[in-house]
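Hi everyone, thanks for making time for this one. I'd like to walk you through a structure, starting with a salt bridge and working back to the sheet and helices around it. Here it is on the screen.

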Amino acid sequence: MLCARHPCGPPIDSVALRLLGAIAATLVLLCGLTAAVAARPFVIGSISTAPGAETKLYYPLAAFLGRNLGEFGFDGGKVSVARDIPGLISLFDAGLIDLYIDSPYPLLAVSQATGTKVILRRWEHGKPDYRSIIVVRKESDIRNKAGLNGRVIAFVSDFSTSGYLLPKLALQAVGLSLTAYHEGINHPIGPRASGYVFSRDEENPLVWILRGRVDAGAIGTHEFEHYRPAERDQLRIIYQSPLFPRQLVSVHKGAPVDLIARIRRLLIDLEHTDAGRKLLADLNGTTRFDDIPADVETSLGPIRAHIARAVPVNKR
């Protein structure tokens, strides 16, 4: 029996307050755990045969975006590297990539196959665009693209815009087909054809020309300009493409509109702060990100047309 003068327990309102406090603490803990479980790193995808170097290159940007996109469920960053275009397509299809930065050919090929949205252009070393060129030794008897009939050209890789797709289309435009060439194997290249090899590095085509290993090489003007004048003086350009954007930026097809807008703003604003400019410079000499002008979109027409005509890259 309770005694009015000496109650046997705490007042009922005190018990209620303690109970409510415990419930609130539990809810806070559960919300925190839920948020921790839901948060995931922001993932930048790339294509490279050197995944370690590629991860080192893109991780600071992925981490920056992850830190600044917490309201969308991101926390930190990650880089996922595929060896080829079909590999990156698989990663996008599995929902494992959020953003992709690359030259037009691989980026647009992935976009066609997966529906990614192209949102920005990337500038490198102060330049928004570049050209593909075909180079031979200065004393070579090859004067133009048709002169590569029966000769061997070094491409960079099968996912390079300037070091493969554009020169390939240029050779096909003059009636030359392309035949894989294997050193040490004595086999004819064939009539109205050029043999080709992949050097797997942007520096190798010109080195292989100077050493007499191939007759010509295909690279971008951005790489050619990095060679020493003494080396460039030993070479001659026989073809250069129209200007194309250096690189483009795309996002996963399922990215919400407000997330895309936030990513665009974060990337565009990087050039306006010291920390942002440092982050850009460390990304292969990036100068800025900006919107894609209408004339640049038009210049991508030949690449888009080739991709549309080609067998889907994820079926090759």
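Let's start at Asp282, which counts as partly exposed because its relative accessibility is 44%. Its side chain meets that of Lys278 in a salt bridge, at 2.5 Å from N to O. Both residues belong to helix H10 and sit four residues apart, about one turn of the helix. That spacing suits a helix, since an α-helix has 3.6 residues a turn, so residues three or four places apart point the same way. Elsewhere, Arg122, Glu124 and Arg246 are joined into one network by salt bridges that share partners.

Before I go further, please keep in mind that this is a predicted model.

How many salt bridges does the structure hold? The count is 15, and I'd like to show you two more of them. Arg121 pairs with Asp290, with the closest N and O atoms 2.8 Å apart. This one links distant parts of the chain: Arg121 is in strand S4 and Asp290 in strand S14, 169 residues apart. Are these two partners buried or exposed? Arg121 has a relative accessible area of 7%, so it is buried. Asp290 is buried too, because its value is 11%, and the cut-off for buried is under 20%.

Now the other one, between Arg137 and Glu139, where the closest N and O atoms are 2.7 Å apart. Here Arg137 is partly exposed, with a relative accessible area of 24%. Glu139 counts as exposed, because its relative accessibility is 56% and exposed means over 50%.

Next, the sheet. Six strands form an open sheet in the order S2-S1-S3-S13-S4-S14, and the pairing is mixed. Which strands are at the edges? They are S2, residues 74-82, and S14, residues 286-290, each of which pairs on one side only. From one strand to the next, the twist averages 25 degrees. Within this sheet, strand S1 (residues 40-47) pairs with strand S3 (residues 99-102) in the parallel sense over two bridges. If you want to find that on the screen, look for Gly45, whose bridge partner in S3 is Tyr100. Helix H4, residues 104-114, packs on the sheet and touches S1, S3, S4 and S13; its direction makes about 145 degrees with that of S3.

Let me zoom in on one residue of the sheet. Ser250 is found in strand S13, and it counts as buried because its relative accessibility is 0%. What does Ser250 touch, leaving aside residues up to four places away in sequence? The list is Asp98, Leu99, Tyr100, Leu107, Thr116, Lys117, Val118 and Ile119. Take Ile119 from that list: its C-alpha atom is separated from that of Ser250 by 5.6 Å, although the two are 131 residues apart along the chain.

Now to helix H2, residues 51-67, where we can do a quick sanity check. At 1.5 Å a residue, its 17 residues should span 24 Å, and the end C-alpha atoms are 23 Å apart, which agrees. H2 also has a kink of about 40 degrees at Tyr58, shortly before the proline Pro60. Tyr58 is one of the buried residues of H2, and others include Glu54, Leu57, Leu61 and Phe64. What do these buried residues pack against? Their partners are strands S1, S2, S3 and S13, plus helices H9 and H10. So we meet H10 again, the helix that holds Lys278 and Asp282.

Away from that sheet, have a look at strand S6, residues 132-137. S6 is mostly covered, with five of its six residues buried. It pairs with strand S10 in the antiparallel sense over five bridges, and Ile133 stands opposite Ile219 there. S6 is also joined by five bridges to strand S11, again running antiparallel. In S11, Val135 has Ile237 as its bridge partner.

Last stop: Ser199, in the loop between strand S9 and helix H6. Is Ser199 buried or exposed? With a relative accessible area of 7%, Ser199 is buried. Leaving out residues up to four places away in sequence, Ser199 touches Phe155, Val156, Asn204, Pro205 and Trp208.

That's my tour, and I'm happy to take questions.

Technical notes:
Residues are numbered from 1 along each chain as its sequence is written. This is a predicted model: local features need pLDDT of at least 70, side-chain atom pairs count only at pLDDT 80 or more; totals for chains, interfaces and linings use all residues. Side-chain values use heavy atoms; hydrogens and water are left out. Two strands pair if DSSP finds at least two bridges between them. Axes are lines fitted to C-alpha atoms, for helices over the stretch in contact, and angles run from 0 to 180 degrees between N-to-C directions. Contact means heavy atoms within 4.5 Å. The expected span of a helix is 1.5 Å times one less than its number of residues. The bend at a residue is the angle between axes fitted to the seven residues ending there and the seven starting there. Buried means under 20% relative accessible area, exposed over 50%, partly exposed in between (1.4 Å probe, protein chains only). A salt bridge is a side-chain nitrogen of Lys or Arg within 4 Å of a carboxyl oxygen of Asp or Glu.
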